[in-house]
Amino acid sequence: MHRSDDEQQAQGLENAGRRSFMSKTALLGAGAVTAPMTAAMFASMAKANAAEAANSPIRHPGELDEYYGFWSGGHSGEVRIMGLPSMRELMRIPVFNIDSATGWGLTNESKRIKGDSAHLMAGDSHHPHMSMTDGRYDGKYVFINDKANSRVARIRCDVMKVDKMITIPNVQAIHGLRVQKVPYTKYVICNGEFEIPMNNDGKSSMEDVSTYRSLFNVIDAETLEVAFQVMVDGNLDNTDADYDGKYFASTCYNSEMGMTLSDMIASERDHVVVFSLERCLAALKAGDFKTYNGNKVPVLDGRKGSKLTRYIPVPKSPHGMNTSPNGEYFVANGKLSPTVSVISIKKLDDLFNDKIQPRDAIVAEPELGLGPLHTAFDNRGHAYTTLFLDSQIVKWNVEEAIRAYQGEKVNYIKQKLDVHYQPGHNHTSQGETRDADGKWLVSLCKFSKDRFLPVGPLRPENDQLIDISGDEMKLVHDGPTYAEPHDCIIVHRSKLKPKKLWTRDDSIFADTVAMAEKDGVNLMADNKVIRDGNKVRVYMTSIAPTYGMTEFKVKLGDEVTVVVTNLDQVEDVTHGFCMTNHGVQMEIGPQATSSITFIADKPGVQWYYCNWFCHALHMEMRGRMLVEA
Ligand code: K7E
Ligand code: CUA
């Protein structure tokens with residue numbers, strides 16, 4: 001069921017009419033002479049409202065969305081939480097960037113989580129994907145890669161904050177990232193995109209690239225440590241996992257191992273590498289690996305001829321890799337070829353047992369249009385592929401494409417829809433899980449051009465919402481976004497149960513709690529200054545609209561750590577701590593503890609204040625630090 005804008009407007013007016021009719025009825029009250037509401041009238045009102053809710057992206061003020069969207073923020077380095085179908089931005093989660101509102105990257109807690117990359121201020125996030133159990137989102141974690149600094153981070157979905165981060169050794173540029181879907185997300189998989197010498201110790205050359213390699217990375221989802229890496233031939237781009245817990249597949253666009261653009265696109269074919277998890281784990285157990293660059297991470301050899309991998313030739317320079325939610329196919333998207341390659345997952349056992357040739361695993365190679373980058377799926381056998389060069393989404397039928405590949409005359413293309421403009425990733429509601437529901441499709445367009453008011457040479461991108469619940473795709477919303485949502489997921493709200501308050505035993509500030517215990521400080525009650533040489537720890541509480549400590553003294557040159565514990569138990573009452581002129585800012589959520597360290601390098605009175613609006617007397621929530629010369 002789809003309605004035009006005019007119909008929607010008419011529906012809206014009709015609803016408004018009904019609302020005022022309702023309130024008049026209520027006003028008239030008992031005993032007034034008025035036509036009684038019949039059951040039929042109630043039923044038709046309910047139906048009208050339900051129809052609007054089912055088909056419209058419009059959420060009226062106060063109405064909640066049906067889905068959470070997790071959007072990568074690209075080279076802004078963050079992750080964003082969207083509400084769908086309204087496409088309202090609900091929250092930003094700083095990950096690889098520095099954020100002055102929350103103090104991410106500035107606080108001691110966030111620096112501990114960032115670990116060896118605590119000094120890095122930048123990042124490039126691409127692929128946010130949620131942990132799963134039995135091929136369904138389990139609402140626990142969202143994992144995201146940083147291409148710029150070869151990192152992977154984990155967001156804890158109960159608090160929507162990053163709780164772990166790792167820099168992956170032996171690789172440069174972590175790109176494609178997905179999770180093991182079945183039986184549960186024990187492993188997160190991700191690709192090292194750029195080829196580097198092994199070892200990369202300065203003894204290699206620019207001319208001889210024979211030692212250059214890319215590695216496939218398998219990370220333990222709980223510890224966020226690398227379980228093992230697999231050395232491959234060629235480079236690696238995007239990846240996905242099957243629904244049997246057996247295979248992972250990655251695209252390679254540089255099988256040539258070219259170091260320049262023209263060399264990278266020289267051959268007509270590149271490949272998809274398929275990894276057998278079982279065989280990799282067996283090799284790991286047998287000690288059949290090497291280590292590189294002086295670290296202990298086991299690197300298995302999955303180059304051509306290895307029993308751990310199979311290489312399936314596909315048309316040149318494939319990009320996206322997407323598993324169909326029925327668990328049948330890996331789809332590799334052509335990019336420089338107008339085709340996508342459909343790999344039958346059922347045939348992979350035979351491929352690994354050498355009963356068939358690699359190309360025999362391909363069951364369709366439909367021609368879709370120019371620049372296919374990524375494919376999404378509904379629950380009715382359709383695939384939706386972005387066509388970067390054509391600025392379109394093409395909807396096609398997977399089984400019909402397979403019949404066409406076998407020679408049958410069948411038109412597998414169902415519709416092409418213009419999008420605006422140059423789409424990269426797309427994603428359907430729950431489409432990377434068994435719960436694909438075929439309701440919504442998001443197209444992440446890299447250019448917006450004329451779709452919005454001009455804002456200078458730098459333009460927003462355009463995240464478009466498409467209703468796919470009917471026979472035809474319908475574009476229903478344009479959403480300007482800041483750089484650069486590479487990828488997103490759309491998760492039904494029933495999968496998530498975010499907390500309203502922090503709990504005192506939270507692991508994110510556990511080390512700070514331990515430090516206070518050592519100092520004999522009760523964070524929930526004490527306001528104390530502890531001096532330890534030239535290190536000073538200032539412990540204070542906060543309850544709107546005051547800090548437990550409104551003045552303290554330190555000496556010029558002291559290293560000061562301010563620890564604030566927010567005693568408020570009221571939902572949504574977050575405090576901040578900002579030391580003016582020191583670059584010190586942080587958020588303290590209700591029942592949380594946060595800490596930040598700085599050098600008291602300015603003599604005199606320095607005011608600190610609360611920078612999260614918390615109370616009518618929020619402006620007065622401040623105090624003084626005296627720095628004695
Ligand atoms: Cu932009 Cu998934 Cu990094 Cu394609 S990737 S577009
Ligand atoms: Cu506390 Cu503003």
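# Briefing: helix packing, buried polar residues and an annotated site

The buried residues of helix 7 (residues 398-405) pack against five strands: strand 19 (329-333), strand 21 (362-364), strand 23 (382-387), strand 24 (392-397) and strand 25 (413-418). The model is predicted. The points below cover helix 7, one strand pair, two buried polar residues, and a site and domain annotated in UniProt.

**Helix 7 and its ends**

- Four residues of helix 7 are buried: V398, E400, A401 and I402.
- These buried residues make the packing contacts with strands 19, 21, 23, 24 and 25.
- At the start of the helix, N397 contributes a side-chain oxygen, which comes within 3.1 Å of the backbone nitrogen of E399.
- Just past the helix, G407 adopts a positive phi of about 110°.

**Strands 15 and 17**

- Strand 17 spans residues 309-315 and is mostly covered.
- Of its 7 residues, 6 are buried.
- Strand 15 (residues 269-276) pairs with strand 17 in the antiparallel sense, over 7 bridges.
- Within this pairing, V274 sits opposite R310 of strand 17.

**R213: a buried charge without a salt bridge**

- R213 belongs to strand 11 (residues 212-220).
- R213 is buried, yet it forms no salt bridge.
- The nearest side chain of opposite charge is D233, at 5.4 Å. A salt bridge requires a distance within 4 Å, so D233 does not qualify.
- R213 does have a backbone partner: a polar atom of its side chain is 3.1 Å from the backbone oxygen of S210.
- Beyond its neighbours within four places in sequence, R213 contacts F194, E195, I196, M198, M231, V232, M257 and R303.

**N462: a buried polar side chain**

- N462 is in strand 28 (residues 461-467).
- Its relative accessible area is 0%, so N462 is buried.
- The side chain of N462 places a polar atom 3.1 Å from the backbone nitrogen of G479.
- G479 is also among the residues that N462 touches, leaving out those up to four places away in sequence. The others are H420, S443, L444, C445, F447, S448, R451, F452, D478, P480 and T481.
- N462 and A483 are separated by 21 residues in sequence, and their C-alpha atoms are 10.0 Å apart.

**The annotated binding site**

- An unreviewed UniProt entry lists H575, C610, C614 and M621 under "binding site".
- These residues span 47 residues in sequence, but no two of their C-alpha atoms are more than 9.5 Å apart, so they gather at one spot.
- C614 lies in the loop between strand 39 (604-609) and strand 40 (622-628). M621 is in the loop between strand 39 and strand 40 as well.
- C614 has 13% relative accessibility and therefore counts as buried.
- M621 has 0% relative accessibility, so M621 counts as buried.
- Setting aside residues up to four places away in sequence, C614 touches A544, V573, T574, H575 and M621.
- With its neighbours within four places in sequence left aside, M621 contacts S542, P545, T546, Y547, H575, Y609, C610 and C614.

**The annotated domain**

- The unreviewed UniProt entry assigns residues 531-629 to "domain: Cytochrome oxidase subunit II copper A binding".
- Over residues 531-629, the chain is 57% strand and 0% helix.
- The end C-alpha atoms of residues 531-629 are 17 Å apart.

Definitions and conventions. Residues are numbered from 1 along each chain as its sequence is written. Chains are lettered from A and ligands numbered from 1 in the order in which they are written. This is a predicted model: local features need pLDDT of at least 70, side-chain atom pairs count only at pLDDT 80 or more; totals for chains, interfaces and linings use all residues. Side-chain values use heavy atoms; hydrogens and water are left out. Buried means under 20% relative accessible area, exposed over 50%, partly exposed in between (1.4 Å probe, protein chains only). Lys and Arg count as positive and Asp and Glu as negative; His and the chain ends are not counted. A polar contact is a pair of N or O atoms within 3.5 Å; within protein, one must be able to donate a hydrogen and the other to accept it, and residues adjacent in sequence count only if both atoms are side-chain atoms. Contact means heavy atoms within 4.5 Å. UniProt positions are given in the numbering used here, feature names are shortened, and annotations may be inferred rather than shown by experiment. Two strands pair if DSSP finds at least two bridges between them.
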